[in-house]
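Visitor: Could you walk me through this model and tell me how each label is earned?
Guide: Gladly; let us look at it together.

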Amino acid sequence: MTQVLQEEAKVPGQGAVPEKRNWRKYFSFSTDHKVIGIQYLVTSYFFYLVGGLLAEAVRTELATPEVDFVSRELYNGLFTVHATVMIFLWIVPAATGAFGNYLIPLIIGARDMAFPRLNAVAFWLIPPGGLLLMSSFLVGAPGSGWTSYPPLSLVTDQAGQAIWILSVLILGTSTILGALNFIVTILKMRSPGMTLNKMPLFCWAMLATSALILLSTPVLAGALILLGFDLIVGTAFFNPTGGGDPVVYQHMFWFYSHPAVYIMILPIFGLISEILPVHARKPIFGYRAIAYSSIAISFLGLIVWAHHMFTSGTPPWLRMFFMINTMVIAVPTGIKVFSWLATIWGGKLRLNTAMLFAMGFVSMFVIGGISGVMVSSAPFDLHVHDTYFVVAHLHYVLFGGSVFGIYAGTYHWFPKMTGRMVNETLGRIHFVLTFIGFNLAFLPMHKLGLEGMNRRIAEYDPKFTTLNLVCTIGSYILAVSVIPFLVNMGWSIFNGAKAPSNPWGGLTFEWLTTSPPPPENFEVDPVWTIGLYDYGTEEATEVIKAGPVLAMAAGAET
Amino acid sequence: MNIPSSITTLLIGILLTLVSLWYGQNHGLMPVQASEEAPLIDGLFNFMMTIGTGLFLIVEGVLIYSLIKFRRRPDDDTDGPYIEGNIPLEILWTSIPAVLVLGIAVYSFEVYSNIGGLNPMDHSMAHGHQTHQTAMAMPGSAIAATLADASMADPTTNNQQVAEAATQDPATAAVRDESIPQRKDALSLGVTAPRLGSTPDKQGKLPELVVNVTGLQFAWLFTYPDTGVVAGELHVPVGQEVLLNISANDVIHAFWVPEYRVKQDAIPGKQSELRFTPSKVGEYPIVCAELCGAYHGAMKSKVIAETPADFDAWMESQKLASGDRFDRAVALNSSEKSTDEFLSPFVSSWGVNSSTVQQLQSHQLHSAHVHPFAS
Ligand code: HEM
Ligand SMILES: [Cu+2]
Ligand SMILES: [Cu+2]
């Protein structure tokens, strides 16, 4: 028999408790995974705003066909830093760093990460890495794109380029340290009784992500170090003037950077798999299919990099190999999408902001997925590679996918993190503005690319003016959309309604402790009693009703 | 969840299929088709669009339907039904994407083969042979022996030899940056750079026109090895297969003609190739699709597809003009000019005109292959 201990919320932290207001700990070398998670989250949102400002500058330049807002050199710097910030300082730290750190110990019933100090080191590499990257604007920002292909990266803006290399190396190191920690924590620190096949899907996603990070990031580091030698010392690994091969750089770069897109999206898949069942009030559909498809995506993700090089140095037969590998990834991804739909189907949907963003994620990610299969077709990619079609595709995946997912996660766990509820009205305004702005900004780019507009240009053929203007207006709506979000966050932290420990009626472990959780997470070790996704069963209803603080007695028989 | 099997489902299915089929053919997203390759690529795109539209409608349809139908009623605090999975259904929707992807893969493979992706060997040999003949015919050419060796030596003619053949053509050599060595062959089957070979129906035949293309910051130069003509715009006769030998003088560029639906990177130190057959008279933009520096957006030219008669006339006029071209060229000392000054002619004309070519040529000839923008 399971013995269920019900306790009143006597743990400090239920709502406003003075010691929780100690903001200084968020600026210190804290080893509490929850503090680190929030440090990651706030830092990455900061850089998201920076990256967004850069994007607005890019779009403002593109409002007219002529080069009239910034210089050509600055334009190249703007989109290069925009992309670098968005990838290395926003999506990756937010998806893995913030949610991984905040959630993983909580949802597996652990008291902290496996290596708390390593964790803090990983975080504290990010602010200097980010500020370093920003400082490149003082000496001439790197202008060769976030891909930094040589020989171009060796001949323009050398100082900025060197800074870029150093900064990405620092940020990559941070990711590797984080990944090590996730793997050990998930494998070693799960609460007793939580087998791999019972752990939350977010853990599966983070396992797959961390494996990818460990396998691929060092290759990027290798490429960047060699590029740095070419740039600073004058070696010729990639410099054709000295007999080097620029295509080798592309292979090394994409060996990391293709997996990197899964490093960005897999954790979000995990978040969505946690959020949908709670607000649809139904078990996640096809647990194993979703769990194993994460692993399949991670494995396949490692062997498809050359699809970024169909028009570059890829021999003809190799194009076919990479084309077919790439298309195969659509299968595990399709499984996930259909499972999410089946989770929603027939549920009792609570359409709060978190759920809206989660459903928005599914609907927008599908567009990115479809255009992804299209570009994986080598003969078609010969037409659209390096055009706005690709810019549209990648934003549907990274913005419609990752950003919608991060927003969903932020709204979903905000009560847990802060002990306060968000304002749903502001949240819905945020969602509607984001959704409209996003589609206005990026949908027309598909047509622009197919019609012949190439990527990374400050000036374009006047025949593309109208659609570009629509994109720019959409991007302004997107910019406006963060205002209700920021207001909501800022206001709710201090004045939002007090959050109960389990505001959404969730079954994963983090909802079994107070909001926000006490320093060591749980009064007593939580032990598995029912499935984490067993919504719709009587036991689940009871467990949820039994709140507010429900902990399983340590050592209880099961 | 059971697979709904009512009449409505059937009707929705039919409607969905019809809409997808219609939209797949009538999306109007592509520019004109001006090469023989374009209809093939567009056919593939339409096929993917049809499937994509279907999937899009299903997913968005389910989401919107759920949003309305399964919304929680204010007085209802119960949970949804306890359904964890459904193996037949899961197998069904694993196999649907699998089959669709297989279909797309087979179709893509077919199109790739039809635009010549699968005949690289045939291609190189034909090309080596062609250049060989051209070189023999060229006065003062001392390279015939090398070329003969190259085309005889090994049936898997490699990139190095193709590259030498292309770059030793005098007109091309004149515009080429020799400080970049041609790479020796790397791993991979006889080729280090990608190419589209001959299409199946033209297998074993020589391309009807060979043009050497050099990309440099920020212009395209086209040299015609048969005649020694150098131009800043690509003239091609309609209906004849054109082979481009593409190389780059400084950084990576990419040759793209949207109306032809083909693209190929120009990689310094490597030879790459592209074959296509123009099918429509007209002028189409040549776009540089790989970021190549500050003026990447201005690196434009055009392809002028003419009737064979017009093309021949153009070629004759160029041959006459090229006699005194080098003498007339304005010597230009780039180190004394800023990037903007140097490029004003490109930018103002949205492309490269013949006087620019002369300037570039003289620049290439007189300034010892130093790149004005590279430093
Ligand atoms: C306000 C929202 C955003 C706008 C308006 C925007 C706009 C743009 C535009 C116009 C470009 C193309 C630049 C060019 O080719 O010249 C671009 C590139 C890019 N953006 Fe965004 N973006 C936004 C958000 C994001 C987000 C959230 C990500 C997430 C990772 C992202 C990642 C990228 C990447 C990777 C590139 C490729 C840059 C390159 O070609 O090197 N963007 N963005
Ligand atoms: Cu270029
Ligand atoms: Cu370019």
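The conversation below takes the metal sites first and the backbone afterwards.

Visitor: What kind of model is this?
Guide: It is a predicted model, and every value we discuss is computed from its atoms.

Visitor: What makes His82(A) and His395(A) ligands of the iron atom of ligand 1?
Guide: A nitrogen counts as a donor within 2.8 Å of the metal. The NE2 atoms of His82(A) and His395(A) sit at 2.0 to 2.1 Å from the iron atom of ligand 1, so both qualify. His82(A) belongs to helix H2 of chain A and His395(A) to helix H14, and 313 residues separate the two.

Visitor: Why is the arrangement around the iron atom of ligand 1 called octahedral?
Guide: Six donors earn that name if opposite ones are over 155 degrees apart and all others lie between 65 and 115. Here the iron atom has 6 donor atoms with angles running from 86 to 178 degrees, and therefore the arrangement is octahedral. For reference, the ideal values for six octahedral donors are 90 or 180 degrees.

Visitor: What makes the contacts of Arg455(A) and Arg456(A) with ligand 1 polar ones?
Guide: The cut-off is a pair of N or O atoms within 3.5 Å. An N or O atom in the side chain of Arg455(A) is 2.8 Å from an oxygen atom of ligand 1, and for a polar side-chain atom of Arg456(A) the distance to an oxygen atom of the ligand is 2.7 Å. Both pairs therefore pass.

Visitor: Which parts of chain A supply at least two residues each to the shell around ligand 1?
Guide: Helices H1 (33-61), H2 (72-107), H14 (388-418) and H16 (465-495) do. The surrounding residues number 25, and Tyr75(A) is listed among the closest. By class, the shell has 18 nonpolar, 3 polar and 4 charged residues.

Visitor: Why is the site of the copper ion (ligand 3) called tetrahedral?
Guide: Four donors are tetrahedral if all angles lie between 85 and 135 degrees. The 4 donor atoms of the copper ion (ligand 3) give angles of 91 to 126 degrees, so the site fits. Those donors are Cys288(B) (SG), Glu290(B) (O), Cys292(B) (SG) and His296(B) (ND1), at 2.0 to 2.5 Å. Along the chain they are spaced C-x1-E-x1-C-x3-H.

Visitor: How do you know that the site of the copper ion (ligand 2) is tetrahedral?
Guide: The same test applies: its 4 donor atoms span angles of 94 to 130 degrees, and therefore the site is tetrahedral. The copper ion (ligand 2) is held by His253(B) (ND1), Cys288(B) (SG), Cys292(B) (SG) and Met299(B) (SD), at 2.0 to 2.4 Å. Their spacing reads H-x34-C-x3-C-x6-M.

Visitor: What makes Cys288(B) a bridge?
Guide: Cys288(B) coordinates both the copper ion (ligand 2) and the copper ion (ligand 3), and the two ions are 2.6 Å apart.

Visitor: Why is Cys292(B) called buried?
Guide: Buried means under 20% relative accessible area. Cys292(B) has 0%, so it is buried. Among the other copper donors, Glu290(B) and His296(B) are buried, as are Cys288(B) and Met299(B).

Visitor: How do you know that Asn86(B) is buried?
Guide: Its relative accessible area is 17%, and the limit is 20%, so Asn86(B) counts as buried. Asn86(B) lies in the loop between helix H2 (38-69) and helix H3 (87-114) of chain B.

Visitor: What is unusual to look for in the backbone at Arg281(A) and Asn521(A)?
Guide: Each has a positive phi without being a glycine: near 55 degrees for Arg281(A) and about 75 degrees for Asn521(A). Arg281(A) lies in the loop between helix H8 (246-280) and helix H9 (287-301) of chain A, whereas Asn521(A) is in the loop between H16 and H17. With a relative accessible area of 5%, Arg281(A) is buried, and Asn521(A), at 0%, is buried too.

Visitor: Where are cis peptide bonds found?
Guide: One joins Pro150(A) and Pro151(A), with omega about 0 degrees. Another joins Ser515(A) and Pro516(A), where omega is about -10 degrees. Pro151(A) is placed in the loop between helix H4 (126-139) and helix H5 (152-155) of chain A, and Pro516(A) in the loop between H16 and helix H17 (538-545).

Visitor: How many disulfides does the structure hold?
Guide: Over all chains the count is 0.

Definitions and conventions: Residues are numbered from 1 along each chain as its sequence is written. Chains are lettered from A and ligands numbered from 1 in the order in which they are written. This is a predicted model: local features need pLDDT of at least 70, side-chain atom pairs count only at pLDDT 80 or more; totals for chains, interfaces and linings use all residues. Side-chain values use heavy atoms; hydrogens and water are left out. A residue is near a molecule or strand if one of its heavy atoms lies within 4 Å of it. A polar contact is a pair of N or O atoms within 3.5 Å; within protein, one must be able to donate a hydrogen and the other to accept it, and residues adjacent in sequence count only if both atoms are side-chain atoms. Helices (H or I, at least four residues) and strands (E, at least two) are DSSP runs, numbered from the N terminus. Ala, Val, Leu, Ile, Met, Phe, Trp, Tyr, Cys and Pro count as nonpolar, Asp, Glu, Lys and Arg as charged, and the others, Gly among them, as polar. Donors are N, O and S atoms within 2.8 Å of the metal (3.2 Å for Na, K and Ca); water is not among the atoms, so sites may look incomplete. A disulfide is a pair of cysteine sulfur atoms within 2.5 Å. Buried means under 20% relative accessible area, exposed over 50%, partly exposed in between (1.4 Å probe, protein chains only).
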